[in-house]
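Visitor: I'd like to learn how to read a model like this one, feature by feature. Could you walk me through it?

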Amino acid sequence: MWVPVKVSKWTYVAYNESDKIYFTFPLANHRKIYTHVYCQSTMLDTNSWIFGCINSTSMCRQGIDLSWKAELLPTIKSLTLRLQDYPSLSHLVVYVPSIHGSKFVVDCEFFKKEMRSIQLPVTHLFSFGLSSRKVILNTSGLFYNIELLNFGQIYQAFKINVVSKCSGVKEEITSIYKLHIPWSYEDSLTIAQVPSSTEISLKLHIAQPENDSHVALLKMYTSSDCQYEVTVKTSFSQILGQVVRFHGGALPAYVTSSILLAYGGQLYSLFSTGHCLEYATMLDKEAKPYKVDPFVIMIKFLLGYKWFKELWDVLMLPELDAIVLTSQSMCFPLVSLILFLFGTCTAYWGGLLSSTSVRLLSSLWLALKRPSELPKDIKMISADLPFLTIVLIIVSWTTCGAFAILLTYLYYVFKIVHLQASLTTYKNSQTVNPKHSRRSEKKSNHHKDSTVHYLRLSANDAEDSLRMHSTVINLLTWIVLLSMPSLIYWLKNLRYYFKLNPDPCKPLAFILIPTMAILGNTHTVSIKSSKLLKATSQFPLPLAVGVIAFGSAHLYRVPCFVFIPLLLHALCNFM
C-alpha cells in the first residue's frame, strides 16, 4: 500500500498494524522551499525502514536503501538528508512493517538549515561563571544544531544547562542531547526526560587543529510540544580540572622549583646572618613566580629569532618545554602561575609532613633507646662513612641506581632523626636543670670560639642544622619519587635479572651517594664560614628556572638540576 504524504511535518503512531505500509513523500515541491529532511523512528531494529525512489510517479521501480545512513541513538534511530545531495530522487519512502502487540512512532519533517542551526558563542575564559549566554528554541521542530562558537581549546570548560518546558504533555517524553566534536572522536550523549533541567559538561580532549574550520555542535533531538532554553557559562572548577589533567604531570617540577628557591634563601641567610631560617618562612619569602616565569617567557621569546636559535643549537641545549607544549596546543594562559601556586602549596604541606614525621620518628627513637646527647665534636667524615659510601656505590652498580638512592635517603633520614632526638634530649635536660644547662651552653660556646680545629655543636647550631636538613630532605624526597619508576620496574623483573640494564638512575646515584653521605654529617656551624657558601646560595635560583624550562614536560631531567646545589653544599665543608 502506497500512502502519499504531502505535508512538511508528519507523525504516525503504529500499533498492531496488520498490513505493511509505505508512506511516500514527493520531493519536487519540497525542494523549492526546504533544504533538508529529517526522519526518526522509535523502532530500534536494524531492518531497512527508509528508501529513496529514483524518477518514480505512482510506483517505485528503482530505489536505494537509505537506512544505512541512519544514526542509532539510545531511544530513536534518525536520518537527516540534504536534498541537494540527492537530485535524482523523486520520492522518499518510509516503510512501516506489519506488527502485532508493539507500538512505535515515526516522525518526518522538512526544514531549512538556517532555521535549525543556531549560533551560540561560548563565554570568555575569565568570566569565571559570572556571565552566561543563552538561546531559546521556540519553534516546534524535532531536530536542532547549536553551533558552539569560539570553542576549540583544551583549557576551555563550560557547563551547558538545557531547561525544557512542555505544554499539554501527558505521557513521558525523552529528549537526546548529543555533543559532537568534528575534529576528534569524543562525542557524548545525554538523555533527559522532559520537562526537566539538564546539565551537560563541555570540555575537550584534543584541541582544534589550526587548519580546521569545523565548529563544535550540540545536536538536540527534541519534542515538538516543548520549548527549550540552552544556557552556557564558564566552569572555573572544570578549567582547573583541565589544567590538572593536561599539566598535572608537570607539578613535581614546580614543587621542586619552589623548594630550590627556599633552599637558596636558607643558604644566603646562613651566609649573611650566620643563622638558617625556617623552611616555611623561606618558602613564603622566596618562592615567587616572578623569579622564574619571566626568564622562561624571555627565553621562549628570544628563540623566535634565528640568531638566538642558532646559538641555542650550538650550545646543544634541549628544546624548551614551553615550546613543546605550544606545538601540542597544550599551552594554557596563566598555567605556569596556577601550577606554581599549586607547587608552592604542595611544597609547604610536604615540608610540614616531613618535619612532623622526623619529630614522630625521633620520639619513637627516644622511647626505644636511651636518650642521645648532642655530638661533642663535628666530624664531616666519620670512620664508617667511606665504608658505607663504597657499599652503596657497589649496590648501585650491581643492582639498581634507584634502589641505592632510596637506601641513601633512608640513611640521611636516620641521621636527621638521630639529631632531632639529641636536640629533644638536650631541651628536656635544660627544662629539668636550667642553671646547669646554661653553664654547659656557655662552656660549649667558649670552647667553640677558642679553637679553630675543634668545633662543638650547640643547641642553636643544632636547630639551624635541622632547618637546613628539613629542606634537603624535601629535595631528596622528590629525587626518590622521580626515580621510583626505575625502582618499580627493577623489582617487577627481579626474578629475570638482578642488575638493571640500562639503568637511567645509575649516574645520578654515583654522585648523590657520597654527596648525601657528607651532608648527613654536615652542620651549619661547619659551613657558615665557607668561601664557597655565597656562590652556593646563588645557584638554586637559575636551577629553579632550569627545572621549569626543561623539566616540566621531561621530569627525568629534574634530579639533574637538584643534585648540583646539594653537591656544592657538601663542598662547602672543604672550602
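Guide: Sure. Let's start with Asn150, which is exposed, with a relative accessible area of 60%. Keep in mind that this is a predicted model.

Visitor: Where does Asn150 sit in the chain?

Guide: Asn150 is in the loop between β13 (143-149) and β14 (157-166). Look at its backbone too: phi is near 65°, a positive value in a residue other than glycine.

Visitor: Which value does phi of Met316 come near?

Guide: Phi of Met316 is near 55°, again positive in a residue other than glycine. Met316 belongs to the loop between α7 (306-314) and α8 (321-327). Met316 counts as exposed because its relative accessible area is 72%, and the cut-off for exposed is over 50%.

Visitor: Next, peptide bonds. Which residues does a cis peptide bond join?

Guide: One such bond joins Val194 and Pro195, with omega about 0°. Pro195 is in the loop between β16 (188-194) and β17 (196-203). Another cis bond links Asn501 to Pro502, also with omega about 0°, and Pro502 lies in the loop between α14 (484-492) and α15 (506-519).

Visitor: On to strands. What is the general idea for side chains there?

Guide: In a regular strand, side chains alternate between the two faces of the sheet. For a case, take β15: six of its eight residues are buried, so the strand is mostly covered.

Visitor: Which way does β15 run relative to β16, parallel or antiparallel?

Guide: Antiparallel, with seven bridges joining β15 to β16. To find the register, note that Thr174 has Gln193 of β16 as its bridge partner. β15 also pairs in the antiparallel sense with strand β18 (residues 216-221), over five bridges. There, Leu179 is partnered with Leu218 of β18.

Visitor: Is Ile173 buried or exposed?

Guide: Buried: Ile173 has 15% relative accessibility. Ile173 is found in β15, which covers residues 173-180. Leaving aside neighbours within four places in sequence, Ile173 is in contact with Ala192, Gln193, Val194 and Ser223. Val194 is also the residue on one side of that cis bond to Pro195. For a sense of the fold, Ile173 and Cys226 are 53 residues apart in sequence but 9.6 Å apart in space, C-alpha to C-alpha.

Visitor: What should I know about pockets in general?

Guide: Rolling a probe the size of a water molecule over the atoms shows where empty space is left. In this model, about 640 Å³ of space lies in the largest pocket. Of the 22 residues lining it, the closest to its centre are Thr42, Val105, Asp107, Glu171 and Ile173. The elements giving two or more residues to that lining are β2 (9-15), β10 (103-111) and β15. β10 supplies the largest share, four residues. By class, the lining has nine nonpolar, eight polar and five charged residues.

Visitor: And where do nonpolar side chains tend to go?

Guide: In soluble globular proteins, they tend to be buried together. Here the largest nonpolar core has 83 residues, and those with the most contacts inside it are Val292, Ile405, Tyr412, Ile479, Leu512, Met516 and Leu566. Helix α11 (residues 401-432) gives the largest share of this core, 12 residues. A second, separate core of 32 residues includes Leu148, Ile160, Ile200 and Cys226.

Visitor: Which residues is Val292 in contact with?

Guide: Setting aside neighbours within four places in sequence, Val292 is in contact with Ser257, Leu261, Phe340, Ala544, Val545 and Ile548.

Note on methods. Residues are numbered from 1 along each chain as its sequence is written. This is a predicted model: local features need pLDDT of at least 70, side-chain atom pairs count only at pLDDT 80 or more; totals for chains, interfaces and linings use all residues. Side-chain values use heavy atoms; hydrogens and water are left out. Buried means under 20% relative accessible area, exposed over 50%, partly exposed in between (1.4 Å probe, protein chains only). Contact means heavy atoms within 4.5 Å. A nonpolar core is a set of buried Ala, Val, Leu, Ile, Met, Phe, Trp, Tyr and Cys residues joined through side-chain atoms within 4.5 Å. Two strands pair if DSSP finds at least two bridges between them. On a 1 Å grid over the protein atoms alone, a cavity is a set of points where a 1.4 Å probe fits but cannot get out, and a pocket is an open set with protein on both sides within 12 Å along at least five of seven lines; lining residues have an atom within 4 Å of a point. Grid points are joined across faces, edges and corners, and a volume is the space filled by probe spheres set on the points. Ala, Val, Leu, Ile, Met, Phe, Trp, Tyr, Cys and Pro count as nonpolar, Asp, Glu, Lys and Arg as charged, and the others, Gly among them, as polar.
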